Amino acid sequence: MSEHHEMIRVEKLNKSFGDLHVLKDVDLTVKESDVVVLVGASGSGKSTLLRCLNFLEIKNDGKIFIDGEQIEKETHDLNKIRERVGMVFQHFNLFPHKTVIENVIEAPTQVKGLKKAQALEEGKELLDKVGLGDKYDVYPSTLSGGQKQRVAIARALAMKPDVMLFDEPTSALDPELVGEVLATMKELALEGMTMVVVTHEMGFAREVGDWVFYMHDGKIVEYGHPNDLFDNPKEERTKAFLSSIL
Ligand code: ADP
Ligand code: MG
């Protein structure tokens, strides 16, 4: 993958909420087509880092480059940046009063100005791809959690993002529904999507991840290829964390 360029580069990122210093000099590089898995205890700053990467939160300090371009709220239209950095949340956040296909075409038609017919065609293709070809016209409330999350993935993909961020996409699911969502994410990874994934699914991290970053108390403690990091962690913090979850 070394020939691939940097899709995301973060340098000395700092983020505070009032007096609470949440992200502390975070450095992170994600090359095109890489799958980076972010692990760490609850409260360590994983969600805040993802939210800074698509500018749902605005950093206090440091630099964020997307596809080589340094992004600042003063110089960039952050809505445009968010189109390029898709996000999938733990709790799906689908529009309950819209059907599945209406959920998927909402942003392409309203934000990007795509013609409805074109958006429908592309949206149906995406729903087919995530295995929901028979669910275009139903409402989210009739779907299982795993199906809802696959709709959320299709909805994010409908904006044709350069990068996809996943924040614990399977944490709210019943155990028997986790696999179908991970399978969809794996397929996306195999197609070459650049992904940053916060997850506790270590099997997914090992199988699909190119890199694993371990975060503690707002800092990246250690990173490496999954098998190296999981089987041979260098830092005591990492060892303690891994033995608590594995
Ligand atoms: P993680 O995703 O690793 O569990 P978070 O990024 O959600 O961690 O949270 C890191 C810390 O920042 C926590 O102490 C959390 O309470 C705090 N935090 C997160 N979002 C906000 C916010 N909007 N306002 C104030 N504190 C926040
Ligand atoms: Mg979180």
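In the predicted model, the charged end of Arg-155 is positioned over the ring of Phe-95, at 5.4 Å from the ring centre.

Aromatic side chains also pair with one another, and the structure contains 3 aromatic pairs. Phe-213 and Tyr-223 make up a stacked pair, with 4.6 Å between the ring centres and 5° between the planes. This contact joins distant parts of the chain, since Phe-213 belongs to strand E9 (residues 211–216) and Tyr-223 to strand E10 (residues 219–224), 10 residues apart. Phe-213 has a relative accessible area of 4%; because this value is under 20%, the residue is classed as buried.

A stacked pair is likewise formed by Tyr-214 and Phe-241, whose centres are 4.9 Å apart and whose planes differ by 25°. The angle falls under the 30 degrees that count as stacked. Tyr-214 is located in strand E9, whereas Phe-241 is located in helix H9 (residues 236–245), so this pair ties together parts separated by 27 residues in sequence. Tyr-214 and Phe-241 are both buried.

Beyond the pairwise contacts, Trp-211, Phe-213 and Tyr-223 constitute one aromatic cluster. Phe-213 thus takes part in the stacked pair with Tyr-223 and is a member of this cluster.

An unreviewed UniProt entry assigns residues 8–242 to the feature "domain: ABC transporter". Over this span, helix accounts for 38% and strand for 26%, and the end C-alpha atoms are 26 Å apart.

Technical notes:
Residues are numbered from 1 along each chain as its sequence is written. Chains are lettered from A and ligands numbered from 1 in the order in which they are written. This is a predicted model: local features need pLDDT of at least 70, side-chain atom pairs count only at pLDDT 80 or more; totals for chains, interfaces and linings use all residues. Side-chain values use heavy atoms; hydrogens and water are left out. Rings of Phe, Tyr and Trp (its six-membered ring) pair if their centres lie within 6.5 Å; planes under 30 degrees apart count as stacked, over 60 as edge-to-face and the rest as tilted. Helices (H or I, at least four residues) and strands (E, at least two) are DSSP runs, numbered from the N terminus. Buried means under 20% relative accessible area, exposed over 50%, partly exposed in between (1.4 Å probe, protein chains only). A charge sits over a ring if NZ of Lys or CZ of Arg is within 6 Å of the ring centre and within 35 degrees of the ring normal. UniProt positions are given in the numbering used here, feature names are shortened, and annotations may be inferred rather than shown by experiment.
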